[in-house]
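Biologist: I would like to learn how to read a structure feature by feature. Can we go through one together?

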Amino acid sequence: MNIKPSWDTTGDLLETVDPRPQNPIFVHTQNYTKKVVESYSIQDFDLNVLVQNESKGSIRTVAEETIYKSRDISGYKAIPLYDLESKLLIGYQLLDRKKKSQPIKVGTGIPVCNFSNANPTSFIATDNLNLFFRLSQLNYVVVFHSRINTAFELINNYFDDQKPRIVATEKHLEYNNDLKIHFDSDVSNLSDEQIKSVLKGKSLEIRPAEVKNNSTLQIVNMSSIKAQAINWLWTGWLPLGKITILAGAGGCGKTNLLLALIATISTNGVFPDGSKCNDSGKILIYSTEDDPNDTLLPRLIANGADLNKIDFIAGRINEKGEREPFDPTKDLPLLYEYAKRNPDIKLLMIDPIISAVGGDSNKATDVRRSLQVLVDFAQEFNCAVVGITHFAKGTSGSSPAERIIGSQAFTALARMVWSAAKREDENDCILVRAKSNISTLDGGIRYQIEAETVLENIETTKTAWLGVIEGSARELLNEAESTENDNGSMVDMAKEFLIDLLSSVENMPTKEVQAQAKDAGFSPASIRRAQEKLNIKPFKPQGEKVWFWSLPKIHRLDEPTHF
């Protein structure tokens, strides 16, 4: 009968057990009755051959007069081997500690002691077999592996992450050194109390944040809470006290767009939808994408910013007075100190937002843990935090909020998500709200990135705002990225349709125009492009709640200028 081999995590072939052996694996002769007991499985071996030590640990001893494959294994230590995924006992490692012979592995799995401990104080990884035995006797949950990094990975991947992880070894560690306790290979000179004391101290030092025993639940009745409106820096677009994400494909000038808005905020200027900025203050920029000297500063100048109100995070100074790179995943306390000294800060720009994530940006837990610090920062100092990122590849046509690269926790934590895209046919770009918990999603902003020369000889770029555009975020982005070839005849036909439709009336509600265009077989993209080519400007008459379209006189059929 063929037996499928099994491999341990070191890649070594283990001795395996035929699930239906023809011969017994173990033969045990009872000491007094001399009755022969045959074991055909791990379960039989566990029940018939192993005896409990005087200690309360999970390592047991093989009974007297036991034979394994013609080898006397009486008195061997039996280390349980577990499958960590199924949490099942699937083997034993037999060790003759007196003769120091090579261990015998029966079945597969990883050596773990006290696996069934319901409430361990910590989980311990070790490469020290002597320590493994001692900790088993003391009822600790321990994973043993000859490679200490592998032992740590196993407890890190398979055990409760709310309990401390401890690395017990005498080896030098390049990683996780803060979790290490040094134990010599020989631990016989240490008392049980000494071992328990040092483990308890390390557990208290590294345990995850938890609710203290003297804490109480805070309950607030809703009638005692004061309702307040959203505080906007740019009404409907940029909220204070919250995170905003700006995402888009390459080539749509995301950084330049945000710098233009920063210029508006620094000068109490006019936002691209025509609204006035009434809440000017300081702006803080952190960017690993662009150099402040030859890129950020020239662009700010070209966009007309007040440079006295804008600061750039250039690094941090260590205790020796040396400059080091700023790490947003670790140096947020320094940012708090800055904000306390500058209470009028209105906006923090982070480019890219992924630089603020410690860990894997595709894992929701890592993203949430990292960005929560920024959420708290925005709330505490009532400023807007705007992070720049990219669209994930191959997501064209998807919901805009789902296109953000990395974990969906980015969009979950942000209260506002902007999307930007380039429209090749119109030679412009659009900015839309892909997600908002606090405002409407309809409508967008048109803009262009233009060349500009500043300080006499520095070539740079600036953002030119081109006004508002109607439509939903998904519709506008799909149109911008559309590869349809309807730009010629279909748009010309749509132009003629609009001229015919609007020539006989002074104006018409936008929704009625769109409904008739749909009935006539025109796509929203073709109608919108035709609208722009005819220079039809949507407007809302005084007292009305809906938008209207009106055909410029130059295009009316009854005008002599129309040919």
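Modeller: We will take rings, strands, a helix and empty spaces in turn. Keep in mind that this is a predicted model.

Biologist: Start with the rings. How is a pair of aromatic rings described?

Modeller: A pair of aromatic rings is described by the distance of the centres and the angle of the planes. In this model the count comes to 17 aromatic pairs. One of them joins tyrosine 82 and phenylalanine 115. Their centres are 4.4 Å apart, with 15 degrees between the planes. That pair is stacked.

Biologist: Where do tyrosine 82 and phenylalanine 115 lie in the chain?

Modeller: Tyrosine 82 is in strand β7, residues 77–83. Phenylalanine 115 is in the loop between β10 (110–113) and β11 (123–126). The two are 33 residues apart, and the pair links distant parts of the chain.

Biologist: Is tyrosine 82 buried or exposed? And why does phenylalanine 115 count as buried?

Modeller: Tyrosine 82 is buried, with a relative accessible area of 16%. Phenylalanine 115 has a relative accessible area of 17%. The cut-off for buried is under 20%, so phenylalanine 115 counts as buried.

Biologist: Why is the pair of tryptophan 234 and phenylalanine 271 called stacked?

Modeller: The ring centres of tryptophan 234 and phenylalanine 271 are 5.1 Å apart and the planes meet at 10 degrees, so the pair is stacked. The angle cut-off for stacked is under 30 degrees. Tryptophan 234 sits in strand β15 (232–234), while phenylalanine 271 sits in the loop between α5 (254–266) and β18 (282–287). The pair therefore ties together parts that are 37 residues apart in sequence. Both tryptophan 234 and phenylalanine 271 are buried.

Biologist: Which residues do ring pairs link into a cluster?

Modeller: Tyr82, Phe115, Phe123 and Phe159 form a cluster linked by ring pairs. A ring face can also carry a charged side chain above it here: arginine 433 lies over the face of tryptophan 237, at 4.1 Å from the ring centre.

Biologist: Now strands. Which strands does β7 pair with?

Modeller: Read the bridges one strand at a time. β7 and β4 (60–62) pair in the antiparallel sense over 2 bridges. Across that pairing, arginine 60 has alanine 78 in β7 as its bridge partner. β7 is also joined to β8 (88–95) by 7 bridges, again antiparallel. Here proline 80 has tyrosine 92 in β8 as its bridge partner. β7 and β10 pair in the antiparallel sense over 2 bridges. Leucine 81 stands opposite proline 111 in β10.

Biologist: What connects β7 and β8, and how covered is β7?

Modeller: β7 and β8 form a hairpin with 4 residues between the strands. Lysine 87 in that hairpin takes a positive phi near 60 degrees. β7 is mostly covered, with 5 of its 7 residues buried.

Biologist: How do I read the order of an open sheet?

Modeller: Follow the neighbours across the sheet. One open sheet of 4 strands has the order β2-β1-β5-β6, with antiparallel pairing. Its edge strands are β2 (36–39) and β6 (71–72), each pairing on one side only. β1 (26–29) is joined to β2 by 4 bridges. Threonine 29 stands opposite valine 36 in β2.

Biologist: And a helix? Take α5.

Modeller: An α-helix has 3.6 residues a turn, so residues three or four places apart point the same way. α5 has 13 residues and reaches 18 Å from its first C-alpha to its last. That is close to the 18 Å expected at 1.5 Å a residue. Now check burial. 13 of the 13 residues of α5 are buried, so α5 is largely enclosed by the rest of the structure. Asparagine 268 follows α5, and its phi is positive, near 55 degrees.

Biologist: Last topic, empty space. What volume does the largest pocket have?

Modeller: Rolling a probe the size of a water molecule over the atoms shows where empty space is left. The largest pocket has a volume of about 1100 Å³. 41 residues line the largest pocket; the closest to its centre are Gly443, Ile469, Glu470, Gly471 and Pro538. β26 (444–454), β27 (458–469), α12 (510–519) and α13 (524–533) each supply at least two lining residues.

Biologist: How many cavities of 30 Å³ or more are there?

Modeller: The structure holds 2 cavities of 30 Å³ or more. The largest cavity has about 50 Å³ of space. Its lining includes Tyr286, Phe326 and Leu348. α7 (332–341) and β22 (345–351) are the elements that give two or more residues to that lining.

Technical notes: Residues are numbered from 1 along each chain as its sequence is written. This is a predicted model: local features need pLDDT of at least 70, side-chain atom pairs count only at pLDDT 80 or more; totals for chains, interfaces and linings use all residues. Side-chain values use heavy atoms; hydrogens and water are left out. Rings of Phe, Tyr and Trp (its six-membered ring) pair if their centres lie within 6.5 Å; planes under 30 degrees apart count as stacked, over 60 as edge-to-face and the rest as tilted. Buried means under 20% relative accessible area, exposed over 50%, partly exposed in between (1.4 Å probe, protein chains only). A charge sits over a ring if NZ of Lys or CZ of Arg is within 6 Å of the ring centre and within 35 degrees of the ring normal. Two strands pair if DSSP finds at least two bridges between them. The expected span of a helix is 1.5 Å times one less than its number of residues. On a 1 Å grid over the protein atoms alone, a cavity is a set of points where a 1.4 Å probe fits but cannot get out, and a pocket is an open set with protein on both sides within 12 Å along at least five of seven lines; lining residues have an atom within 4 Å of a point. Grid points are joined across faces, edges and corners, and a volume is the space filled by probe spheres set on the points.
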